[in-house]
Amino acid sequence: MRIPMSSPDITEAEVDAVLDVLRGTHLSIGPRIREFEEAVAALVGVREAVGVASGTVGLHLGILAAGVRDDDIVITSPFSFVASANVALYERAIPVFVDVDQRTGNVDPSLVAQAVSDLQHGGSAADRWLPPCLQRNARPRGRVRALLPVHVFGQPCDMDPLLETAQTFDLYVIEDACEAIGAEYKGRKAGGLGDAGVFAFYPNKQMTTGEGGMIVTRRDEWSALLASLRNQGRDIFDGWLTHSRLGFNYRLDEMSAALGVAQLRRLDELLEKRARVAGWYNDALSDESLLQLPVLASTTTRMSWFVYVVRVASPGDRDRLILQLERQGIPARPYFSPIHLQPFYRERFGYQDGQYPVTEDLGRRSLALPFSSVMTESQVDEVCRAVRRALRETVQTETLVAPQR
Ligand SMILES: *Cc1c(COP(=O)(O)O)cnc(C)c1O
């Protein structure tokens, strides 16, 4: 493909930073990880950050810190990357999905409040929210322990009502901010609003460390716990072969941390470049009546553009559009594919089409276009010309094959 779906944005500063580590003696647990953690904590405005091997394991540590255990319920979004629900399963808890706001694709706070209330009361009202396999006699015995809202595509969820629900029902809030570093909700940083927030630095994210992630927390008592869980259950005062609890090797190495420090220094630049690319797309496609462009909520005071996702009118159009674009050498992807409809969620929980209509509708009509901070205006134009051409062809095909009435 001439124009890639995404690309990292690496300069000589990043190359030098990584080489510097390689020329030294500490390849893991050295000074770079601490520097990276302090920089992310400062960015988000929290005291503590713990660098980890990926966004997924950061979310797992959040689930552990929240004390989520067997048969507990974690409320989250079905319109997300699969990891945000899987982390509840890692602790034998149950991710319970709540449908999303159709404008932003973020979890609907009023549905979350209703779900928590019904689930806490138990009884038949709970069944509306539970997966088919866990209704009636099979209802989980644990309690709702945590909310795990996902800031989809770099736009913060409507956090105030979610935090209020958490307060009312005594729940922890773990923000999946893996797509939202630098984003702001009513002037407050995404990831710093709940008990913990998690960022991810896979190469397609706004900034990268190769593989890597970071969990931040406002809770002083969680920071030592998170650091210990990441490092095989060692406490700071433990010896190398003393393990106070069941832990993991979820550490981030020094090469990745050095890359992270260098990328973070450029975060404003990276986010501005991405916003500019999104602006080019908006301008080029705003008069295209066959597409719906991304919508920003009034609570989003800073968007951290992760992907550029558009919607078409009907599902058939979306898949034909992707094929037509592929033929023109332009990649595009369905995004997201709902979690509850993933093969192993269907199998394990009995999910079927229709349970989360808004999520499923977005899942069928959305596609991500090529997007990165290194895209040029002429590349965006090329994609948009291909999109328009493909739309015309798609619509024509549809008219041709449509049954006569
Ligand atoms: C990228 C991402 C993750 C996981 O990050 P990894 O570093 O790939 O483990 C989790 N949740 C969401 C919403 C993501 O986009």
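Mentor: Let's begin with a cut-off: a residue is buried under 20% relative accessible area, exposed over 50%, and partly exposed in between. Keep in mind that this is a predicted model.

Trainee: Okay, why is Asp170 called exposed?

Mentor: Asp170 has 57% relative accessibility, and exposed means over 50%, so Asp170 counts as exposed. You'll find Asp170 in the loop between helix H6 (159-169) and strand S5 (172-176). Asp170 also has a positive phi of about 60°, although it is not a glycine.

Trainee: And what makes Lys186 partly exposed?

Mentor: Its 42% relative accessibility lies between the 20% and 50% cut-offs, so Lys186 counts as partly exposed. Lys186 is in the loop between strand S6 (184-185) and strand S7 (188-189). Here too phi is positive, about 45°, and Lys186 is not a glycine.

Trainee: Let's do cysteines. Why is Cys157 called buried?

Mentor: Cys157 has a relative accessible area of 0%. Buried means under 20%, so Cys157 is buried. Cys133, with 40%, is partly exposed.

Trainee: How many disulfides are there in the whole structure?

Mentor: A search of the whole structure finds zero.

Trainee: How do you know that Cys157 is in no disulfide?

Mentor: The nearest cysteine sulfur belongs to Cys178, and it is 12 Å away. A disulfide needs the two sulfur atoms within 2.5 Å, so Cys157 is in no disulfide.

Trainee: Now the ligand. What makes Thr56 a polar contact of the ligand?

Mentor: A polar side-chain atom of Thr56 lies 2.5 Å from an oxygen atom of the ligand. The cut-off is 3.5 Å between N or O atoms, so this pair passes. Glu179 also has a polar side-chain atom by a ligand oxygen, at 2.6 Å. Gly55 uses a polar backbone atom instead, 2.8 Å from an oxygen of the ligand.

Trainee: How much of the ligand does the protein bury?

Mentor: Taken alone, the ligand exposes 380 Å², and the protein buries 92% of that. The residues around the ligand include Ser54, Phe81, Asp176 and Lys205. That shell divides into four nonpolar, five polar and three charged residues.

Trainee: What makes Ser54 a cap for helix H3?

Mentor: A side-chain oxygen of Ser54 lies 3.4 Å from the backbone nitrogen of Thr56. That is within the 3.5 Å cut-off, so the contact counts, and Ser54 caps the N-terminal end of H3. Just after H3, Gly67 takes a positive phi of about 75°.

Trainee: Why is H3 called mostly covered?

Mentor: Nine of the eleven residues of H3 (residues 55-65) are buried, under the 20% cut-off. Among them are Val57, Leu59, His60 and Ile63. Strand S1 (residues 48-52) gets that label too, with four of its five residues buried.

Trainee: How do you know that S1 and strand S9 pair?

Mentor: S1 and S9 (residues 213-217) share five bridges in the antiparallel sense. Pairing takes at least two bridges, so S1 and S9 pair. For instance, Ala49 stands opposite Val216 in S9.

Trainee: What makes S10 and S13 edge strands?

Mentor: Look at the open sheet of four strands, in the order S10-S12-S14-S13, with antiparallel pairing. S10 (291-292) and S13 each have a single partner strand, so one side of each is left without a neighbour in the sheet. S10 is joined to S12 (residues 308-312) by two bridges, and in S12 the bridge partner of Gln292 is Arg311.

Trainee: One more: why is Gln342 called partly exposed?

Mentor: Its relative accessibility is 24%, over the 20% limit for buried and under the 50% one for exposed, so Gln342 is partly exposed. Gln342 is in the loop between S13 and H11. A polar atom of its side chain lies 3.2 Å from the backbone oxygen of Ser337. Phe336 is in the loop between S13 (333-334) and H11 (343-349), and the peptide bond from Tyr335 to Phe336 is cis, with omega near -15°.

How values were computed. Residues are numbered from 1 along each chain as its sequence is written. This is a predicted model: local features need pLDDT of at least 70, side-chain atom pairs count only at pLDDT 80 or more; totals for chains, interfaces and linings use all residues. Side-chain values use heavy atoms; hydrogens and water are left out. Buried means under 20% relative accessible area, exposed over 50%, partly exposed in between (1.4 Å probe, protein chains only). A residue is near a molecule or strand if one of its heavy atoms lies within 4 Å of it. A polar contact is a pair of N or O atoms within 3.5 Å; within protein, one must be able to donate a hydrogen and the other to accept it, and residues adjacent in sequence count only if both atoms are side-chain atoms. Accessible areas come from the Shrake-Rupley method with a 1.4 Å probe; for residues, only the protein chains shown count as cover. Ala, Val, Leu, Ile, Met, Phe, Trp, Tyr, Cys and Pro count as nonpolar, Asp, Glu, Lys and Arg as charged, and the others, Gly among them, as polar.
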